[in-house]
Structures are given as C-alpha cells and as structure tokens.
Amino acid sequence: VGIGAIRSDNIGLATVEQQKETMIMPQLRFGIEQSGSMFTLSANGQVQYLDYRDDTYEDGFRGAFTGQGLWTLIPERLEWTVENYLSLHPVDSLTAFSPGNEQQTNVFVTGPTLFIRAADATRGQLDIRYTNSYAEENETFNSDRYSIAARVLHDLSTTRTISANLEALQVKYDAVALEADYTRYDAYGRYWSQLRDVEMTIDLGYSTLKYEGARKDESLPLARATFNWQVSPRSSVDLAMNYEFSDAAENMILANYLIDLPIGNPTGNPSPPIVAGVYKERGIRLGYQFNGERLGFEFRPYYVRLDYLELSNENEKDWGGYTALSYRLRPRMTLQLAAAMEDRKFEAPVRRYRDTTSSISLENEFTTHWIARIELQRRERDSAIIGQEYKENVAVVSFSYRR
C-alpha cells in the first residue's frame, strides 16, 4: 500500500494547448497464492485512486486484476475453473492513451473440466466454459461466449505428451447485429515436451468460422508454438509464434501476465482495438531476461499483423518492443533504465504512428517493508496525422509499505 505524487506537463497528450497537472495517487497492490488438495488460487491486482489537483479530469478509481481459481470437486475426475481478467484500455486505439481516453475492460471465465482415464498413458478430457466480456465504453466488445472442448491425451514419456483436440466456441454480441455472431470450430494436434531446461508446446490444425447471417464462412490453418529455455540459473529465453483466428477478448486472457507492469504503461505488446470482430493474427514475440546479483536486463521485441474479417479499416501491422536495465547500487538501492517503442501502421486509409517511452527510476528500500521511489518519464508520439503528435514529461515520487 502506498501513495504517490505525479506531475505532468501535458496530461492530455495534446499537440497544442497542453495542460499541466499534479495528481495524488493512493495505491494498493496485492498478490495471493493458495495451493491445496481441493482448491488452488493465483491472483494479482492493483487499485489506484487518481486525485487531479488542477481538475483537468474527473477524480476516480482505476484497476487491474488477473486471477485463476481451480476447485477440485472429485479428485482426478471433476474440476471447476473460475478466471477473471480486468485491465485498462483506450476507448479509441487510434488516439493518445490519455486519462480522457481510458476505459475498464473485463473478461470472466468459468466452467467444469471432466477427466476420463482410458489407460495408464491415455486419458480423455472435456472442458465446458462460459465467458463474458465487458467494456466500460465500447459496448460492441460486450459478449457472451459458450465453448466446449474434447481432448484425448497420450503420454509418450514422463516428459512428452501428444493430444488431439476438438473445440467449438459460440459468440453472441450484446450490441452488434446478429450477422456478426458466429461459431468457431478448431481441430488441432498438440505436442508438449518438458525437459530439464526447455519446455515447448506446438499446435497444428485447422479452424472454421460459421456466421449466423448471410456472410460466407471463413477457414484458416492454425499454427502455434511456444518455447521457454532456462539458459542458466540467472537467464531465460522465451519465444511465441502464432497464425490463427483471434479477437480482443482472447487477447486480454493471453496477455494477463502483463499485470505486473504499472497500469497504462507500455507493455511491449500492442493491444487490439476493444471492439467486436475476429481477425487473422500472425505474430512472433521474443523475450530474454537476466537476473544477476547486481545487474538485471530484460528485452522483449515483437511483430504482429492483424487482418480483420469484418473491419478492414482496422487492419494493422505492429512492431516494437520493451527493454529494461537495472543495477543495484547498494544492497537496498536500485537504479533502472527502461524504454518501449510501438510502431503501428493501419492500411485503409493508410495511417501510421510511433509511440516511444523512456524512463529512469531510483528505488530505495529503507527497511524490509518501507520503500521510496522516484521516476522520470518521457513519452512521445510521431505521426503524420494532424493533431496526433505529442510530447509529455512526467515526474513521480512515491512511498509504499509492503508485506
């Protein structure tokens, strides 16, 4: 729990008529881990209250949360899953992510999993899920989703598993024409391997979209792969590649690990517009992390292409990344340099902008519980679109108590 003071020289991220603002921000951050024979829970979240001293925006709360709970109803036979993903996204993804262009979004998932043991090395699995997606402003994002997945898994060894998977997902939007509702069918095989230092998952298959209206059906090969390599006790590399159908709600679930970054800060991974619509996604994301006794380093570049089936004007190509370098000056004092860049190009009409953020921070732990932090940030957008460029300098001073 803590409190911070923030000073911005362009709080609205405007090209002209820039406004200065001072904010007071109480904050609560928490993490919960519970592991037992009947119930397992993993959750992280943060809540902030922003008090705008010069009244440029309305005071209010904002938050982020990711949580997964698993309840074992019958051991090795029946489990129930509950998940929730709350995050902050822009209302209009083409304009600056300022306090006037923010909205809370939420995705809730729940349902049972049934396990069937066919043989010592072969088992079946049936997943039934209900998902609700909600956006504070963009009502076209709101939907109810019903899915069922049947899987047959076979253990090649204690470290290798193959599986055949059939999935069906029905999506019904709350505020979109019925012609946009669809059912998606995925059929794919999976190979999973867990060695001492390397874990990999590879999916290969095919997907089909069937719409409820007069629109023609769509089909696409499905390919996904993730690799995690523990290079040494202090360094690791991860790689993710995909070519598949997806949408904004699925993206929010897959990106839940970003909860550890401050609300609204660059993540090194673009966020699709919070709207209805399926897109074909081609992406590659690389990550490297090193944690030394005094030196820490992280580097996460990416490339993503989104081709919408309904909203061709939203098609985009994104590339960029996030990097951070930290150094422990003293046993309790750490200096960090960080930078993020995001280059987005939209095709119809052609629009392009590049966002960059750089920061330097100094954090000191006075005791095990009391922490002080000072940070300076520089945010810029370069765009050929009139009125879209901006520059902002921010200073943050905060004190917190941690248990």
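Visitor: In which loop is E136 found?
Guide: This is a predicted model. Two strands frame the spot: β7 covers 122–135, and β8 covers 143–155. E136 is found in the loop between β7 and β8.

Visitor: Is E136 buried, partly exposed or exposed?
Guide: The relative accessible area of E136 is 42%. Buried means under 20% and exposed means over 50%, with partly exposed in between. So E136 is partly exposed.

Visitor: Which residues form a negative surface patch with E136?
Guide: E136 is one member of a negative surface patch. The other members are E137, E139 and D174.

Visitor: How many salt bridges does the structure hold?
Guide: Salt bridges occur in this predicted model, and the pair D203 and R224 is one of them. The structure holds a total of 33.

Visitor: What is the N to O distance between D203 and R224?
Guide: The side chains of D203 and R224 meet in a salt bridge. The N to O distance is 3.1 Å.

Visitor: How many residues apart are D203 and R224, and in which strands?
Guide: The pair links distant parts of the chain. D203 is in strand β11, residues 198–211. R224 is in strand β12, residues 218–232. They are 21 residues apart, in β11 and β12.

Visitor: Which is buried and which is partly exposed, D203 or R224?
Guide: D203 has a relative accessible area of 2%, so D203 is buried. R224 has 22% relative accessibility. The buried class ends under 20%, so R224 counts as partly exposed.

Visitor: Which acidic partner forms a salt bridge with R354?
Guide: R354 lies in strand β18, residues 351–365. Its partner lies in strand β17, residues 333–346, so the pair ties together parts that are 11 residues apart in sequence. The closest N and O atoms are 2.9 Å apart. The partner is D343.

Visitor: What are the relative accessible areas of R354 and D343?
Guide: R354 is partly exposed, whereas D343 is buried. The value for R354 is 33%, and for D343 it is 3%.

Visitor: Are R379 and E392 buried or exposed?
Guide: R379 forms a salt bridge with E392, with the closest N and O atoms 3.5 Å apart. R379 is in strand β19 (residues 370–383) and E392 is in strand β20 (residues 390–401), 13 residues apart. R379 and E392 are both buried.

Visitor: Which residues are joined with D203 and R224 into one salt-bridge network?
Guide: Salt bridges that share partners make the network. D203 and R224 belong to it. The other members are R190 and E244.

Visitor: Which strand gives the most to the largest nonpolar core?
Guide: The largest nonpolar core has 12 residues, among them L169, V171 and Y173. β9 (160–173) and β11 each supply at least two residues of this core. With three residues, the top contributor is β9.

Visitor: How far apart in space are the C-alpha atoms of D217 and Y302?
Guide: D217 sits in the loop between β11 and β12. D217 and Y302 are 85 residues apart in sequence. C-alpha to C-alpha, the separation is 30 Å.

Visitor: What separates the C-alpha atoms of S193 and R160?
Guide: S193 lies in strand β10, residues 182–194, and is buried at 4% relative accessible area. S193 and R160 are 33 residues apart along the chain. Their C-alpha atoms are separated by 4.4 Å.

Key
Residues are numbered from 1 along each chain as its sequence is written. This is a predicted model: local features need pLDDT of at least 70, side-chain atom pairs count only at pLDDT 80 or more; totals for chains, interfaces and linings use all residues. Side-chain values use heavy atoms; hydrogens and water are left out. Patches are made of residues with over 30% relative accessible area and no salt bridge: like charges are joined within 9 Å, nonpolar side chains (Val, Leu, Ile, Met, Phe, Trp, Tyr) within 5 Å. Accessible areas come from the Shrake-Rupley method with a 1.4 Å probe; for residues, only the protein chains shown count as cover. A salt bridge is a side-chain nitrogen of Lys or Arg within 4 Å of a carboxyl oxygen of Asp or Glu. Lys and Arg count as positive and Asp and Glu as negative; His and the chain ends are not counted. The place of a charge is taken as NZ of Lys, CZ of Arg, CG of Asp or CD of Glu. Helices (H or I, at least four residues) and strands (E, at least two) are DSSP runs, numbered from the N terminus. Buried means under 20% relative accessible area, exposed over 50%, partly exposed in between (1.4 Å probe, protein chains only). A nonpolar core is a set of buried Ala, Val, Leu, Ile, Met, Phe, Trp, Tyr and Cys residues joined through side-chain atoms within 4.5 Å.
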